[in-house]
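Please open the model in your viewer and keep the sequence panel beside it, since this tour moves from one selection to the next.

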Amino acid sequence: MSEQTTVINPLPAPLNGSTRVPGDKSISHRAVLFSAMAEGTSRVSGVLDSGDVRSSIRAVQALGAKVTLEKQVDGSLSGGITGWGERGPIQPDGPIDCGNSGTTVRLLMGILAPWDIEVELTGDDSLRKRPMRRITAPLMKMGVQFSLAGRETLPITIHGSRPLRAIEYDAPMASAQLKTAVLLAGLGATGKTILNEPAISRNHTELMLPEYGAVTTAAERVATVKGPCTLRACEVNVPGDPSSAAFLVCAALLKPGSEVQIENVSLNAGRIGFTRTLERMGANVSIEGLGTAGKEPYGIISARYTHELVGCEIPADKIASVIDEIPVLALVAAHARGLTVFRQVGELRVKEANRLKATIDGLSQLGVDAWVEGDDLYIEGQPDLQVPDGLVFNSHKDHRMAMTWSLVGLCGDKPVTIVDFDSIKISFPSFLGSLEGLAR
C-alpha cells in the first residue's frame, strides 16, 4: 500500500470555548466485551466509534453476541448488546481478526480461556509484531493451552479449558490489559484469582465488573476476582476519553491566546496523570469533578495558553498513568525551559509503533535534543523553538504519533505534512474538526 500524506495547516485563530471528546476507548472496549459475556441484554451509550472498538464489536459478533448499536448525532454508538451468558461463546467460522487493537486480542484471550472452543486470533501487520507472551504465560498457569505454546506474537490459537485454576500471579509489568485478561479468565475459575502489579495501572476493569455482578477488589497494585461467575447485563454510559482530551489540552497550552474546557471527560485517577505532569511543568491546567458514571468519575478539564513552561522529572511509578500521552507531553517538553526526564518508558517500544524512537526522531526534526539512556527518555527544551520549513513527519500508522506531530502545524505558523495521518481514526476520528471548531 502506498503512503498517504496530509498537509496540516496552522489554525486561523486561538482555541476558545467548550467541547467534548469521543467516548473513552478503554471503557468502550470493556463495555462491548463484558456485555457480550453477560446473560441478558445490556444497554450501552457513549461508545467510541473507532477502528479499534469496531474490532471488538466484530469479534464478539463472531462469537455469538448480538450487537445492535446505532450511530448517534454526536458520532457515538448506543444501543443493546445481548450476550452469550451461561451457554458461552460459539465456535467462530474462522480466525478472529483484531485489526490494530491490542486491547481486543489480549482481553479476548482471557474471555475465551474458560470455554471449550478453539479460536485463532490474528491482526494487522502492526498487531502481529506486538508481544503476547505476557498474556499467554499466566493463562497457561490457569490451564489454558495455546499453539504454538511458546509463541510470542500473533497469530495464536487458544484452546479453552474448564474448569480453570485460580492463581495468584505477580505481573512482570504494570499493564491493564494483562491484569484484565487474568481477571476475566478468573471468572471461569473456582476461587479467588489475584494479580499483583509492580506499579499502578488503569483500573477500569475492577470498577466495571461489579456493575455486571462480579465480586472484585481493587486495592493499590492488587486486583482480585472471585469465580465462577456469570456476568449479568447492565447499563453503561461511557465518559469522554482523557487520552483524546490530552491533545486538545496540549494544543491550548501551545497556541497563544487559547483557553478551552473539555466537558464530560473521564477523570479516572489512573488516566489523568498527564494533567499532573503538565501542572508540574507550570502549565495552566485544572480539573473539576462533576459526578460518576457507574463508578467512573467524570468532569471538566480546563487549559489556558502558558507562555513559560519548565522541564520536570516524571518518576517510574507515575509512568503507567501517562504512558499513552508521552509523545504529546514530549512535544510540550520541547517548548519548556530546561530538561524533562521520563523514567522507565521502555514499554513505548512495543506500542502500535516504536513510540520511543518515533518521538526522538520527530523532535530531532524540530531541532530539539532528545535521547534515551537505558529506558529513560530525556528532552532538552527550547522555549523559543522555531519550527523549520517543509517538515514531513512519519506517523508510522500510529494514531497518537499522527496527532502529536499535527500539533506542530496546527499550533505554529508553518504547515507540516503527516504521513498516514488517517491513523487517527483508531481513537479520535473527529480530531481535526474538534480543533477547527474551537479556533473559529
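Which residue takes a positive phi in the hairpin of β21 and β22? Select that hairpin, which has two residues between the strands, and you will find that G374 is the residue with a positive phi, near 65°. Strands here are DSSP runs of E with at least two residues, helices are DSSP runs of H or I with at least four residues, and both are numbered from the N terminus. The two strands of the hairpin run antiparallel and are joined by five bridges, where strands are said to pair if DSSP finds at least two bridges between them. To see one of the pairs of partners, select A370 together with I379 in β22, which A370 stands opposite.

Before going further, note how the model should be read. This is a predicted model, in which local features need pLDDT of at least 70 and side-chain atom pairs count only at pLDDT 80 or more, while totals for chains, interfaces and linings use all residues. Residues are numbered from 1 along each chain as its sequence is written, and side-chain values use heavy atoms, with hydrogens and water left out.

**The whole chain**

Now zoom out and show the whole chain, whose secondary structure comes to 12 helices and 24 strands. Along its principal axes the C-alpha trace spans about 60 × 45 × 45 Å. The chain has a radius of gyration of 21 Å, which agrees with the value near 22 Å for a compact globule of 440 residues; the radius is taken over C-alpha atoms, and the globule rule is 2.2 Å times the number of residues to the power 0.38. If you colour the chain by burial, buried residues make up 60% of the 440 residues, where buried means under 20% relative accessible area, exposed means over 50%, and partly exposed lies in between (1.4 Å probe, protein chains only). Among contacts between residues at least 6 apart in sequence, 75% join residues at least 24 apart, a contact meaning heavy atoms within 4.5 Å.

**Strands around β16**

Next, select strand β16 (residues 259-266) together with strand β2 (residues 16-20), and you will see them pair in the parallel sense over five bridges. Within this pairing, G17 stands opposite V260 in β16. Add strand β18 (residues 296-304), which pairs with β16 in the antiparallel sense over six bridges, and look for S266, whose bridge partner in β18 is Y298. While β16 is still selected, pick out N264, which lies in this strand and has a positive phi of about 55° although it is not a glycine. N264 is partly exposed, with a relative accessible area of 25%.

**Two helices**

Move on to helix α3 (residues 102-112), which is mostly covered, with 11 of its 11 residues buried. Among them are R106, L107, L108 and M109.

For a second helix, select α10 (residues 355-365), in which the buried residues include L356, I360 and L363. The buried residues of α10 pack against α9 (326-334), β21 (369-373), β22 (376-380), β23 (392-394) and α11 (399-410), and this brings you back to the two strands of the opening hairpin. Just after α10, G367 takes a positive phi of about 85°.

**Loops worth a stop**

From β23, follow the chain into the loop that leads to α11, where H396 is placed. H396 has a positive phi of about 55° although it is not a glycine, and at 39% relative accessibility it counts as partly exposed.

Then select L154 and P155, which are joined by a cis peptide bond with omega of about 0°; P155 is found in the loop between β8 (145-147) and β9 (156-159). Another cis peptide bond, again with omega of about 0°, joins G227 and P228, and P228 is found in the loop between β14 (222-227) and β15 (235-237).

For the last stop, is Y212 buried or exposed? Select Y212 in the loop between α6 (204-208) and β13 (216-219), and you will find that Y212 is buried, with a relative accessible area of 0%. Leaving aside its neighbours within four places in sequence, Y212 is in contact with A31, F34, S35, A38, S42, L231, R232, C234 and V236. The C-alpha atoms of Y212 and V236 are separated by 9.7 Å, and these two residues are 24 residues apart along the chain.
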